[in-house]
Amino acid sequence: MTTPTDGNRRFPETRRGDHVELYQRLGGQEAALPDPYRWLEDAESPETRKWVEAQNEHAAAYLSAQPLWDIYRARLIELWNFPKSGVPWHRGASYFRTFNPGLLNQPRLEVAAGPHGPWRELLDPNLLSEDGTVSLTAASVSRDGRWLAYSTQSGGSDWLTWQVRDVATGENGPDLIEWSKFSDATWHPDGSGFYYAAYDAPQPGEALTGTNRDQRLMFHRLGTAQADDQVVLSRSDQPDWGFRQIDITDDGRFLVVEVWLGTSRKNQLWVQELGSAQPFTQLVGEFRAGYHLIGSEGDELLLLTDEDAPLNRVLRWNISTGEQRDVLAQGAHQLDSVSLVKDGLLAVTLHDASHRLHLYSRSGERRGEIALPGLGTLQDLHTQSGDSEVFFGFDSFLAPLTPYRLQLPNTTPEVLGDTLSAQDTGASQDTGAYEVTQTFIQSSDGTRVPYFLIAARTLTRDGTNPTLLYGYGGFGVSVLPSFNPGMLAWLERGGVFAVANLRGGGEYGTAWHQGGMLESKQNVFDDFIAVAEHLISTSVTSAAHLGIQGVSNGGLLVGAAMTQRPELFAAAVPQVGVMDMLRYHLFTVGWSWASDYGRSDDPQMFDVLRAYSPLHNLREGTRYPATLITTGDHDDRVVPAHSYKFAAELQRCQASEAPTLIRIQTRAGHGAGKPTALLIEEAADLFTFLEVELKGPNASQA
């Protein structure tokens, strides 16, 4: 069998099978599509493992030959080595936060008697594994501050294991809960136990690939075995329904459950009086809009909804009478979140992909705006309805997350300690040398699309700047300014970074999301391509120096862009991407993405998916960009078979001598909980590859 070449290096051999899959099209027509790499879907087979080993050796040979790799790794270690404090929260008489003094693989969980410390270690996940691949995923403290329910995940898998720790002693109790996923823990007000969501244990060998359906809402009583846990909600007649968001109102009267269906932003809202034997009341009994609990006052629930309000509004809903009335009507900007504080509401709005924070009375009268440090993102707003003390974090492209404390009615936030500015990270990188600008361009259909540009203030627009364009565009997720230590290493070596805010996201509300889903998914790719063309037409860069990057749904974006316009990019990095749009729904929770994508077993959607599926649009003899595909062998969100099959076919079709690589991290998943050591290694791979292939000005000086 003939295999293509990758420069002077031959690609690892990939067997092409003869499997053909049949699909139904509109009008009753049948489509027969070859699936020659179906065997790569079996991640545990000896043949697949041998293929993975060969591909990793092939990628390592390229990367190890680049002197830049060691330079990047050394610099990234410096840039990552600064104190990183999470945003505190308050329960009972205690305060809690996560903290990493520098280069620990996982942040520790700490507790203190006050928001300024001194802090005592409560849980160190670094002691749970030798390689740092067991991470703390969620931490829920009982209302009196006595008990900590915490979940861990191993090797990047989405599966959670729950345990309970005594906050005072730091000792674990006998409680152990397994096979939970996509769940927090919600404590009963009396601290007797907590609610969580779980699935049946997977069949042997299917933990990372088997489909996840029939989620159940459970109640675990402290000190008892998981087998004795009470089933609170289960709908075997609706196996795709889930019970991910569970809340108990602050007065302890109502248990409120958001019933979800996949990744759709629409949910049902069910309410039950806590301790009642009566069934749940289906306050919202259809998937017609999003409804999310803010809090309660007596018989009234305060809810955030996009029903009849694409940018969201706040309403009061009287459970006894059914009466509804608006508290905050839809405004000119996306209302991202609302929280109850003492005698008021805190509202977070989104203005062209940057946050603002506003204070209102409980009845909706505006009281003012809380000044934030600049253009950036508000993270982890922690409040309690009867408390005037508020905590939040704020970060931007050039400044790491900084925790703040707000003592209402004072509207001036106080910076909390144990953090450093970006200028103080690593080897004192001067972020003042860079600037962030925002530009609005027109997509192919005339839609106004924004993007951020992060570059040196002295940027020369001569078309030679190595530029990395990042995007996502899906599931109503907003891509907002965030700090990445690795990006500083890219900037200081002459690189430029661009972040596109594409349709399919949530930056401009429900309509913006809907403009990039299902039959309109191509709009996302068109927006991304339009931003790329603008970067070229304004001489920020040129096709010979432009690279693209995306993660998960963003990996799909990169795969679609590079197959639709291969001449537009010099390098592409699709990470943990959804590449096989015809079979994505058959693995783990892939079925849940159908609200955004549609499914190939729906004849109305088959042609839509086939038209942009990255795997199915590679063409033999095409000159594709240099490509570095990344995935993790424990990714049970977007299973690695997506990346495996795409890499195999891309290597077969590649007509240029550009490197065509796949890097598969072991004991790594979709990204959550990845240890610092792996993050640094991955960033060194990424930026080395990009600087070499985009012909960075300093690449030859390594």
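Two strands count as paired if DSSP finds at least two bridges between them. By that criterion, eight strands of this predicted model form an open sheet with mixed pairing, in the order S34-S35-S37-S36-S38-S39-S40-S41. A search of the whole structure also finds 45 salt bridges and 27 aromatic pairs, and a selection of these is described below together with the sheets.

**The eight-strand sheet**

- In the mixed, open sheet of eight strands, the edges are formed by S34 and strand S41 (660-665), each of which pairs on one side only. From one strand to the next, the twist averages 20°.
- Within this sheet, S39 and strand S40 (residues 626-632) pair in the parallel sense over three bridges, and Ala571 has Ala626 in S40 as its bridge partner.
- Helix H3 (residues 485-492) packs on the sheet, where it touches S34, S35, S36 and strand S37 (496-500), and the direction of H3 makes about 130° with that of S37.
- Helix H10 (residues 676-693) also packs on the sheet, touching S36, strand S38 (546-551), S39, S40 and S41, and its direction makes about 160° with that of S39.

**The four-strand sheet**

- Four strands, in the order S30-S31-S32-S33, form an open sheet in which the pairing is antiparallel. Because strand S30 (377-382) and strand S33 (414-415) stand at the edges with a single partner strand each, one side of each is left without a neighbour in the sheet.
- Strand S31 (residues 389-396) and strand S32 (residues 399-407) pair in the antiparallel sense over seven bridges, and the bridge partner of Phe392 in S32 is Tyr404.

**Salt bridges**

- Glu435 and Arg457 meet through their side chains in a salt bridge of 3.6 Å, N to O. Since Glu435 belongs to strand S34 (residues 434-442) and Arg457 to the loop between strand S35 (448-456) and strand S36 (467-470), the pair ties together parts that are 22 residues apart in sequence. Glu435 counts as partly exposed, at 30% relative accessibility.
- Asp580 forms a salt bridge with Lys645, with the closest N and O atoms 2.9 Å apart. Asp580 lies in the loop between strand S39 (571-575) and helix H7 (594-597), whereas Lys645 lies in helix H9 (residues 641-653), so this pair ties together parts that are 65 residues apart in sequence.
- Both partners of that bridge are buried, Asp580 with a relative accessible area of 4% and Lys645 with one of 2%. Salt bridges with shared partners join Glu21, Asp35, Arg38, Glu41, Asp580, Arg583 and Lys645 into one network.
- Within the network, Glu41 forms a salt bridge with Arg38, their closest N and O atoms being 3.7 Å apart. Glu41 is buried at a relative accessible area of 14%, and Arg38 also counts as buried, at 19% relative accessibility.

**Aromatic rings**

- Among the 27 aromatic pairs, Trp593 and Tyr597 form one that is edge-to-face, with 6.5 Å centre to centre and 80° between the planes. Trp593 counts as buried at 7% relative accessibility, as does Tyr597 at 1%.
- Ring pairs also link Trp241, Phe243, Trp270, Phe280 and Phe287 into a cluster.
- Charged side chains sit over rings in two further cases described here: the charged end of Lys84 sits over the ring of Phe82, 4.3 Å from its centre, and that of Arg97 sits over the ring of Phe99, 4.4 Å from its centre.

Conventions:
Residues are numbered from 1 along each chain as its sequence is written. This is a predicted model: local features need pLDDT of at least 70, side-chain atom pairs count only at pLDDT 80 or more; totals for chains, interfaces and linings use all residues. Side-chain values use heavy atoms; hydrogens and water are left out. A salt bridge is a side-chain nitrogen of Lys or Arg within 4 Å of a carboxyl oxygen of Asp or Glu. Buried means under 20% relative accessible area, exposed over 50%, partly exposed in between (1.4 Å probe, protein chains only). Helices (H or I, at least four residues) and strands (E, at least two) are DSSP runs, numbered from the N terminus. Axes are lines fitted to C-alpha atoms, for helices over the stretch in contact, and angles run from 0 to 180 degrees between N-to-C directions. Contact means heavy atoms within 4.5 Å. Rings of Phe, Tyr and Trp (its six-membered ring) pair if their centres lie within 6.5 Å; planes under 30 degrees apart count as stacked, over 60 as edge-to-face and the rest as tilted. A charge sits over a ring if NZ of Lys or CZ of Arg is within 6 Å of the ring centre and within 35 degrees of the ring normal.
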